[in-house]
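User: Please take a close look at a single helix of this model and set out how its residues are arranged with respect to their surroundings. A formal, connected account would be appreciated.

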Amino acid sequence: MCVAGERRRYIRCVRGLAISAHGGLERLEYRTDLPVPALRSDTDDVGSAVTSVRPGDRVVVNPGLSDRTCEYCHAGEQSLCVRFRLLGEHQPGTMAEYVVVPATNVRTIPEEVPDDAAAAFTLVTLTAWRMVVTRARVRPGEQVLIQGIGGGVALAALQICKQIGARVWATSRSEEKLARARSLGADETVNTATHDVAREVRARTNRRGVDVVVDTVGAATWPASLGALGRAGRLVTCGATSGPNVETDARRLFWNQWTIMGSTMGSDAEFDAVVAQLREGHLRPPIDRVYPIADGRSAFERLHAAAQFGKIVITI
């Protein structure tokens, strides 16, 4: 049903992508009859209590929602909130003309930031920043292995590690993606279709291994990630696109004194940090392709096929 707000002179429907039922990508539909999300009973652009932004401001959105009341939120760890939710997973997402979010979840950006870069930036860069800077605490000169280069978080992690001054290894099954990773600063690349990653890393480091592994893939890369990890190494993971269940030999874990850590999204302070980078022209995400929203299913099909290098953007 379409909604006619008090401040609109005509009935307006929202265009967007919607999932009609459980199933595959065939359930993803482009619709022109979605209801306008409302702050209250009308379609105000900014709530009456909001002072940090005003109508017309260009903003980026942090899609992680916290209740701002639990002990973790009070400690400044919003992504650990006991009621943490994500736009597009736990409630409607952003692939629509109108989205309602708390003012605490947006930051203003300057006009010179391109729309596609702004749209592609927040989730992956915030996630990678927490993984690399906060959790793994990567230092200049350390060796970092990033599994599955081509994905958004992996590429953001590459950019952040290079900015810190680390030596970066990147893996992929695609020689084209590895070549593009080298053009972005990757120091070492390993083709997982033709080489054993752990054995190759050990050979090139004189059996030492790497200091940090950034793994967003899960079950398919877990054995190689641990096999490439040196003594006192740190493995940080934020995803399980190839499967959630992994096996770890506890003897190797304690003998090598590894640290294995999970990471999800980021805090308000980390959000401020990455947006500051964006405003200064740093960490701009590589864009793979841009699709109009009416062709949104094709964008997801490309993502499902793992054919992309960088972020896929949908325009409205």
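Analyst: The account below concerns helix 5, with a shorter note on Asp67. The model is a predicted one.

Helix 5 spans residues 197-204, and its buried residues are Val197, Ala198 and Val201. These residues lie on the same side of helix 5, because they cover an arc of only 95° around the axis. On the face turned away from that buried side, helix 5 carries the exposed residues Arg199 and Ala203.

The buried residues of helix 5 pack against several elements: strand 7 (143-146), strand 8 (167-172), strand 9 (188-191), strand 10 (210-215) and helix 6 (222-228).

As to the ends, the N-terminal end of helix 5 is capped by Asp196, which places a side-chain oxygen 3.1 Å from the backbone nitrogen of Ala198. Ala198 is also among the buried residues of the helix. After helix 5 comes Asn206, with a positive phi near 60°.

Another aspartate may be described alongside Asp196. Asp67 sits in the loop between strand 4 (64-65) and helix 1 (71-74). Because its relative accessibility is 21%, Asp67 counts as partly exposed, the buried class being under 20%. A polar atom of the Asp67 side chain lies 2.8 Å from the backbone nitrogen of Thr69, and the side chain of Asp67 also reaches the backbone nitrogen of Cys70, at 3.2 Å. With neighbours within four places in sequence left aside, Asp67 is in contact with Cys73, Cys81 and Arg83.

Notes: Residues are numbered from 1 along each chain as its sequence is written. This is a predicted model: local features need pLDDT of at least 70, side-chain atom pairs count only at pLDDT 80 or more; totals for chains, interfaces and linings use all residues. Side-chain values use heavy atoms; hydrogens and water are left out. Buried means under 20% relative accessible area, exposed over 50%, partly exposed in between (1.4 Å probe, protein chains only). Helices (H or I, at least four residues) and strands (E, at least two) are DSSP runs, numbered from the N terminus. The arc is that of the directions from the helix axis to the C-beta atoms. Contact means heavy atoms within 4.5 Å. A polar contact is a pair of N or O atoms within 3.5 Å; within protein, one must be able to donate a hydrogen and the other to accept it, and residues adjacent in sequence count only if both atoms are side-chain atoms.
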